[in-house]
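Got your viewer open? Let's walk through this one together, a selection at a time.

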Amino acid sequence: MLQRAMLQTICIVYFLLLSSIFPLGCSTFNLTSFPTPRPYPEAVAQEVHRIVNASISRRQVMEKEAAPCLTGNPIDDCWKCDPEWPNNRQKLADCAIGFGQYAMGGKNGEYYVVTDDSDDDPVNPRPGTLRYGVIQDEPLWIVFPSNMLIKLKEELIFNSYKTLDGRGANVHIVGGGCLTLQYISNIIIHNIHIHHCVQSGNTNVRSSPSHYGYRTLSDGDGISIFGSKDIWIDHCSLSHCKDGLIDAVMGSTGITISNNFFSHHNEVMLLGHSDDYTPDTGMQVTIAFNHFGEKLVQRMPRCRKGYVHVVNNDFTAWEMYAIGGSGNPTINSQGNRYTAPSDPNAKEVTKRLETPDGDWKGWNWRSEGDVLVNGAFFVASGQGLEVKYEKAYSVEPKSADQIDFLTMHSGVLGVGGRDNNLGMWSTGANGGEGGSGSDDEFSDDYSGGAPSLTMPFMCTIFALLFAISCLFYSNIAIEMNSKL
């Protein structure tokens with residue numbers, strides 16, 4: 001018995017050592033299960049339309065009464081018309097809609113004030129820095145007392161239950177990484193400029209007060225969501241990143257991406273790790289009230305598996321396609337405005353990627369109430385759509401003619417606005433005119449492909465399999481020895 005216990009202890013120690021070597025080791029070790037999707041996604045889509053229609057009706061009444069606050073956007077209606085919102089910032093956590101509506105962020109937690117815009121030490125960040133705040137274990141509502149340009153040295157790895165609240169300041173995050181949400185939950189990112197994110201890594205980075213680990217080379221995404229749930233990204237402006245502006249992979253679910261402004265990028269948004277990665281079947285994402293602006297090429301989004309509700313967005317133009325997919329995702333497009341480019345060969349909104357026609361005919365891709373401009377056309381597919389989507393369409397999406405009102409304030413609100421569109425930071429860290437940086441500082445290389453996460457993930461799986469096999473063979477060896 002003593003011999004068996006010693007061998008099993010050695011196996012466990014080996015596993016822990018191997019896990020600590022690889023960048024995803026500890027995260028995988030702590031993950032108890034994949035995020036659970038909502039059982040009735042059509043009901044969530046229906047509720048979104050109910051909320052939108054109620055907000056538009058409220059706006060119409062307020063217009064007649066000459067009310068001072070007119071939005072028609074249900075998320076903004078929830079907090080923006082309250083003149084006391086700066087004294088009740090955490091009200092924002094009650095305002096999400098769609099699949100990310102349960103994202104609490106740092107609600108009921110302490111306020112953390114970012115007073116230091118530096119990022120000198122990714123392993124031992126100083127109190128007052130953004131990095132120090134996002135890695136803490138407890139819920140935190142993170143605010144910025146002044147305009148800031150935060151140049152990340154490495155990936156900014158979040159812990160659960162955090163809110164980045166950039167309202168009232170002009171906050172730009174650029175550099176290495178940028179934002180990484182890995183095996184966590186309950187994150188709100190609001191009113192932040194995220195741009196010129198580049199690859200970083202091959203070094204140690206802290207992810208919590210008690211742990212740091214070695215990170216391989218990152219993809220250079222603006223926001224990378226990896227195996228996480230209950231995420232809400234709202235009123236951010238994103239552009240000019242090495243890989244994706246927002247990528248959600250490895251079974252992530254419960255995500256709302258709303259009121260954002262996307263521009264100047266190739267592969268905008270990826271939802272799903274690979275066509276054969278089964279946990280992504282449970283991915284559920286709401287994409288609402290966003291403005292897909294100038295100089296965008298493709299992936300708005302590009303979907304693999306899961307259920308994606310694309311509702312009341314304004315697609316100004318694209319170079320290849322707007323919405324693409326493979327792996328049989330469900331795409332529910334409702335009340336959007338798709339304005340096709342002048343290129344006669346790029347009028348189609350949709351694109352089935354790397355899939356023969358016969359294989360995608362049964363995929364559920366539906367367009368309902370969309371406005372198609374300048375020759376744009378949406379190729380729907382799927383059998384029995386009317387029956388499958390009956391609940392989702394019981395509230396008719398009549399709000400497409402209100403797209404201007406729903407998306408007019410997309411992107412960062414107030415000071416700073418959409419100043420990152422052209423690749424220059426037209427307001428400095430102290431709010432003055434003149435650039436804080438330029439395109440020369442960060443490359444706008446659009447050649448990066450889809451995220452490559454296979455190697456580190458497989459390394460961690462190898463460590464786990466090694467430990468299991470070690471325990472198994474140690475038992476056999478001991479039993480054989482006892483028979484001799």
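Select Cys-241 to begin: at 0% relative accessibility, this residue counts as buried (under 20% relative accessible area with a 1.4 Å probe, protein chains only; exposed is over 50%, partly exposed in between). Cys-241 is in no disulfide (a pair of cysteine sulfur atoms within 2.5 Å). Its nearest cysteine sulfur belongs to Cys-197, 3.5 Å away.

A word on what you're looking at: this is a predicted model, where local features need pLDDT of at least 70 and side-chain atom pairs count only at pLDDT 80 or more, while totals for chains, interfaces and linings use all residues. Residues are numbered from 1 along each chain as its sequence is written, and side-chain values use heavy atoms, leaving out hydrogens and water.

Now click Cys-197, which is bonded to Cys-178 in a disulfide, S to S 2.1 Å. The S-S torsion here is about -105°, so this disulfide is left-handed. Cys-197 sits in strand β9 (residues 193-198; strands are DSSP runs of E, at least two residues, numbered from the N terminus).

Which residue does Cys-78 join in a disulfide? Select Cys-95 and you'll find the partner, S to S 2.1 Å. Cys-78 is partly exposed at 23%, whereas Cys-95 is buried at 3%.

Next, show the strands. One open sheet has 10 strands in parallel pairing, running from β1 through to β30 in its order (two strands pair if DSSP finds at least two bridges between them). Color β1 (110-113) and β30 (365-368): these stand at the edges with a single partner strand each, so one side of each lacks a neighbour in the sheet.

Last stop: Gln-334, which stands opposite Glu-368 in β30.

Definitions and conventions: Helix = DSSP H or I, 4+ residues; strand = E, 2+ residues; numbered from the N terminus.
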